[in-house]
Amino acid sequence: MDSEGNGAQDTLPPPPPVTPNVVPMRAEPEAQQLKKKPIRTPIPRKGFGSKGQKIGLLTNHFKVNVSGVDGHFYHYSIAITFEDGRPVDGKGVGRKVMEKVHETYSSELGGKDFAYDGEKSLFTVGALPSNKVDYDVVLEDISSNRNNGNASPDHLDGPNESDRKRLRRPYRSKTYRVHISFAAKIPMQAIGNALRGQESENSQEALRVLDIILRQHAAKQGCLLVRQSFFHNDPKNFADIGGGVLGCRGFHSSFRTTQGGLSLNIDVSTTMIIQPGPVVDFLIANQNVKDPYSLDWAKAKRILKNLRITASPSNQEYKITGLSEKPCREQMFELKQKNAKENGEAEILEVTVYDYFVNYRKIDLRYSADLPCINVGKPKRPTYIPLELCSLVSLQRYTKALNTLQRASLVEKSRQKPPERMSVLSNALRNSNYDSEPLLRSSGVSISSSFTQVEGRVLQAPRLKFGNGEDFSPRNGRWNLNNKKLVEPTKIERWAVANFSARCDTRNLVRELIKCGQMKGIHIDDPFDVFEENPQFRRAPAVVRVEKMFDEIQSRLPGAPQFLLCLLPERKNSDIYGPWKRKNLAEYGIVTQCIAPTRVNDQYLTNVLMKINAKLGGLNSLLSIERSPAMPMISKVPTIILGMDVSHGSPGQSDIPSIAAVVSSRQWPLISRYRASVRTQSPKVEMIDSLFKKVSDKEDEGIVRELLLDFYTSSGKRKPDQIIIFRDGVSESQFNQVLNVELDQIIEACKLLDENWSPKFLVIVAQKNHHTKFFQQGAPDNVPPGTVIDNKICHPRNNDFYLCAHAGMIGTTRPTHYHVLLDEVGFSPDDLQELVHSLSYVYQRSTTAISVVAPICYAHLAATQMSSFMKFEESSETSSSHGGMTAPGPVPVPQLPRLKDNVSNLMFFC
């Protein structure tokens, strides 16, 4: 818009001349504000549920009493520089510097203790004597610890004079200047307000201060801090999970506002660390080789960069910056020898690193001669240390993605039965000795040592319907299909088997599958053929193997099959899986099931047939009330249920697109049948950006339109008047975005289909990543399936509840935390909890209740399966320039291939 355009609409005389682009800039925000919609916030709780059998439980929340409510926390900004004004950016230096400030200037600080977050914020109870102040401190320890080892054991000259200086360079400024300036004042009263349901910026800040006090308390004990968890350097807590990685057990602790007051939530937490000790041992374990001479050094360099080591014999600590180009016995450097020349100048000798350490320093090197050295210097000024003298420091996090075996090992080694977990937590609280923490004392905080008691209710499992009109009540969250027929079995008529060199008796497998199908009511014809992979392609790339198999199938089949059973040689992570699925679903529209048969028995075949039946459009079981008009709020009015989830690449991969998946129910009044729509989006973006994609006045290429149209055609030409949304994977800080960004897109998609259509919404977020656990009082078992808790430790204002729908067989059950953000439909607490509970029983892949509602599970499955379509390795080269981009930005994201119409409405992800 230019200023003329503005003036033309006005009858007033033209405004005085101004720079053309100033007016619109000023006027636009105001115009927009007039149109601004009210911002939605999470709804308050309407009441409590009452259905179900009452049960007394304990939870890992410990009551916190706050007595000094009338005081204030004072927040100060911290800037630490070297003497010459350069900012200090070394991690870990800040805490040492601030401890020294506390020690040296105690009286100037009014004798106050402070909580320092390790970076730029410091908090005190009550004000410091001065609002702005600079302190200088001298840290002997950083320089002395790290540099006193240069003198060799025989007191020869160090690595050489220039090396000595070089090593000292990063720590040359022993004097640090600390600038403290007042930033804000936080009333402690805010904590009390939050407990009464009045949350504010202040209350979140006040709780943050309490959390920082706990972090500092742990840091002083030498712990590794990871967000709100801390890990002690105690080998008792380490478990080897393979590949040079250890699982390290520690504790999570955070303050939570609840209906019952403030509580401290403490839980067992696990992180991964690099195996401490000799660098060479770590590399051998990490690359799974026999000896150091078989190592891949390019890979070693990548994984070692920035890790901290100590070098013997000085025990001095360094950070690895790289590896030497040449092996130790060939890598030269310049050694200055003092007073070698008559005129007193130092003589410069070229020596090898090996020669220097063995002959000058008299250090025996057993195996380093032919291996690269560790470089701990700067890019232009390397400093080399032979490999065998280097040991990795303990408690260094391993942040790359774990492989399948490591993940399985970590899960197995970190699980604990409820009684064991309770005793570990009680000990942790006792040993942490929070009562001795002066800052907690001066803020009037005291922490109870006993688990909080809460009352739960055990909901009755919904009745299920199987074939032949049989009804059944699951017991303990599970059922089986012995002597039962599936409720809607399919027929498998035109099908074949593709065997990718899996070792198994294929004929017998087919025979048993047909027999098992007959028992369950699925009619299976004999397969057209079993296609065995040509052995010459066994070593070929996966894509080629799939192509060749399809060539073979096409040449011998009369027409496209309805179904292909694929036998894979490896059980997990087979590289054939992705290309095979893509070929079948996106290119040919063929339903396929992959199996890697090891132990083939009746149970195994039943599980496989349940997946095949669901994929081909059948149903294994239904809720008894699904087809009757008895489902509260759903059977009376056309209702669609959406499950939404975004899955991201692993932490180390910043350029892998995130994958958004939305599944939707179809054929109302059913709530057991779903279809999926999956799209890629910018890496690490949590909000789904393709729900609504307007491309012209009437056209929208978004996810929601696709799902609504399917609901309409599959539900007898009815538009849903109620839309129930289950959203996974968002934290409390993103609730408002779900309500105001994602929900707005869904509403726009509805309006574009029909301007006068205003469906009612129910929005529920499901969280599994939290630290609340429940225990039965006086019983060693997990809580029974169907246990719901909506009081005492739930939010003081918002409408949330915890549900353990599944039977926890191993470890301690992790409840799902459901947050009801919006309810325009008007569910009663009981009806809503029953609905969520029922949706844990409609998962077609298993004969158990699952821990989170089925639509969310399906969204996970759809995202995982579609992500295997994409060869991310190829795309990562092209988009690696955006490696650091985590903000939503115009990164070119590779699109997923579209599925063929005949499979896109089926549960291909089952």
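**Figure 1. Arg556 is partly exposed and pairs up with Glu552 in a salt bridge.** Arg556 sits at a relative accessible area of 36%, which makes it partly exposed (buried is under 20%, exposed is over 50%, and partly exposed is what lies in between, using a 1.4 Å probe and protein chains only). Its partner Glu552 is partly exposed as well, at 33%. The closest N and O atoms of the two are 2.6 Å apart; to count as a salt bridge, a side-chain nitrogen of Lys or Arg has to be within 4 Å of a carboxyl oxygen of Asp or Glu. Both residues belong to helix α15, which covers 542-556, and they are four residues apart, or about one turn of the helix. Helices here are DSSP runs of H or I with at least four residues, strands are runs of E with at least two, and both are numbered from the N terminus. A word on the model: it is predicted, so local features need a pLDDT of at least 70 and side-chain atom pairs one of 80 or more, while totals for chains, interfaces and linings take in all residues. Numbering starts from 1 along each chain as its sequence is written, and side-chain values use heavy atoms, with hydrogens and water left out.

**Figure 2. Five charged residues are wired into a salt-bridge network: Arg666, Arg675, Arg679, Glu706 and Asp710.** One of the links is Asp710 to Arg666, with the closest N and O atoms 2.9 Å apart. That pair ties together distant parts of the chain, 44 residues apart: Asp710 is in helix α18 (703-714), and Arg666 is in the loop between β32 (658-665) and β33 (674-681). Asp710 counts as buried at 4% relative accessibility, and Arg666 does too at 11%. Another link joins the side chains of Arg679 and Glu706, at 3.1 Å from N to O. Here strand β33, home of Arg679, is connected to helix α18, home of Glu706, across 27 residues. Arg679 is buried at 9%, whereas Glu706 is partly exposed at 25%. The whole structure holds 30 salt bridges.

**Figure 3. Thr639 is tucked away in strand β31.** The strand spans residues 639-647. How buried is Thr639? Its relative accessible area is 1%. The Thr639 side chain reaches the backbone oxygen of Val637 at 2.7 Å. It also makes a polar contact with the side chain of Gln722, at 2.8 Å. (A polar contact is a pair of N or O atoms within 3.5 Å; within protein, one must be able to donate a hydrogen and the other to accept it, and residues adjacent in sequence count only if both atoms are side-chain atoms.) Leaving aside residues up to four places away in sequence, Thr639 touches, among others, Met633, Trp668, Phe711 and Ile724, where touching means heavy atoms within 4.5 Å.

**Figure 4. Four parallel strands make an open sheet, in the order β27-β25-β28-β29.** Strands β27 (530-532) and β29 (591-595) are at the edges with a single partner strand each, so one side of each has no neighbour in the sheet. Neighbouring strands are turned by 20° against each other on average, direction ignored. Helix α16 (577-588) packs on the sheet, touching β25, β28 (563-567) and β29, and its direction makes about 165° with that of β29. Helix α17 (602-615) packs on the sheet too, touching β28 and β29, at about 160° to β29. The angles run from 0 to 180 degrees between N-to-C directions, on axes fitted to C-alpha atoms, for helices over the stretch in contact. Between β25 (495-499) and β27 there are three bridges, and Ala498 stands opposite Phe531 of β27. DSSP has to find at least two bridges for two strands to pair.

**Figure 5. Strand β5 shows a covered face and an uncovered one.** In this strand, residues 132-138, the covered face has Val133, Tyr135 and Val137, and the uncovered face has Lys132, Asp134, Asp136 and Val138. In a regular strand, side chains alternate between the two faces of the sheet. Seven bridges join β5 antiparallel to β6, residues 175-187, and Val138 stands opposite Thr175 in β6.

**Figure 6. The whole chain, for context, has 23 helices and 39 strands.** Of its 910 residues, 53% count as buried. Among contacts with a separation of 6 or more, 73% are between residues 24 or more positions apart.
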